[in-house]
Amino acid sequence: MGLPEAGIIDVLNVKSDPLLIGSLRGQDGYFPAYHMNKEKWLSIQLGKPELDDAIKDLLSLSHELTAPKKRTPKSIAKNPRDSANGKEKETDEG
């Protein structure tokens with residue numbers, strides 16, 4: 001990871017905005033994501049109290065970016081042939 005000292009460190013991988021990643025990588029404790037797409041993922045060194053607030057914010061952003069997309073309910077589909085022929089669906093009222 002390019003650290004001056006040898007040894008094992010704990011890191012957290014988060015998905016983030018590529019522009020934000022570019023600015024963070026130059027700071028102490030931030031690295032290109034290990035085994036991830038380095039354009040959209042970032043590794044953050046854990047155990048550095050000065051990064052705790054940033055980790056919370058980046059973790060929240062990562063959750064938003066990786067959460068399943070909410071689907072909007074689709075309106076009841078009309079028969080495509082009826083729309084093409086200009087027919088409206090008839091209802092039986094009475």
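Let's start with the largest nonpolar core, which has 9 residues in all: Val 14, Ile 21, Leu 24, Tyr 30, Leu 42, Ile 44, Leu 51, Ile 55 and Leu 58. By nonpolar core I mean a set of buried Ala, Val, Leu, Ile, Met, Phe, Trp, Tyr and Cys residues joined through side-chain atoms within 4.5 Å, where buried is under 20% relative accessible area with a 1.4 Å probe, protein chains only. Helix 1 (18-24), strand 3 (41-45) and helix 2 (52-66) each give two or more residues to this core; helices (H or I, at least four residues) and strands (E, at least two) are DSSP runs, numbered from the N terminus.

A quick word on the source: this is a predicted model, with local features needing pLDDT of at least 70 and side-chain atom pairs counting only at pLDDT 80 or more, while totals for chains, interfaces and linings use all residues. Residues are numbered from 1 along each chain as its sequence is written, and side-chain values use heavy atoms, leaving out hydrogens and water.

Now the sheet. It is open, with 3 strands in the order 1-3-2 and antiparallel pairing; a pair needs at least two DSSP bridges. Strand 1 (11-15) and strand 2 (30-32) are the edges. Between strand 1 and strand 3 there are 5 bridges, and Leu 12 stands opposite Ile 44 of strand 3.

What about Ser 62 in helix 2? Ser 62 counts as buried because its relative accessibility is 7%. Beyond its neighbours within four places in sequence, Ser 62 is in contact (heavy atoms within 4.5 Å) with Val 14 and Lys 15.

Note on methods: Buried < 20%, exposed > 50% of the residue type's maximum accessible area, 1.4 Å probe, protein only.
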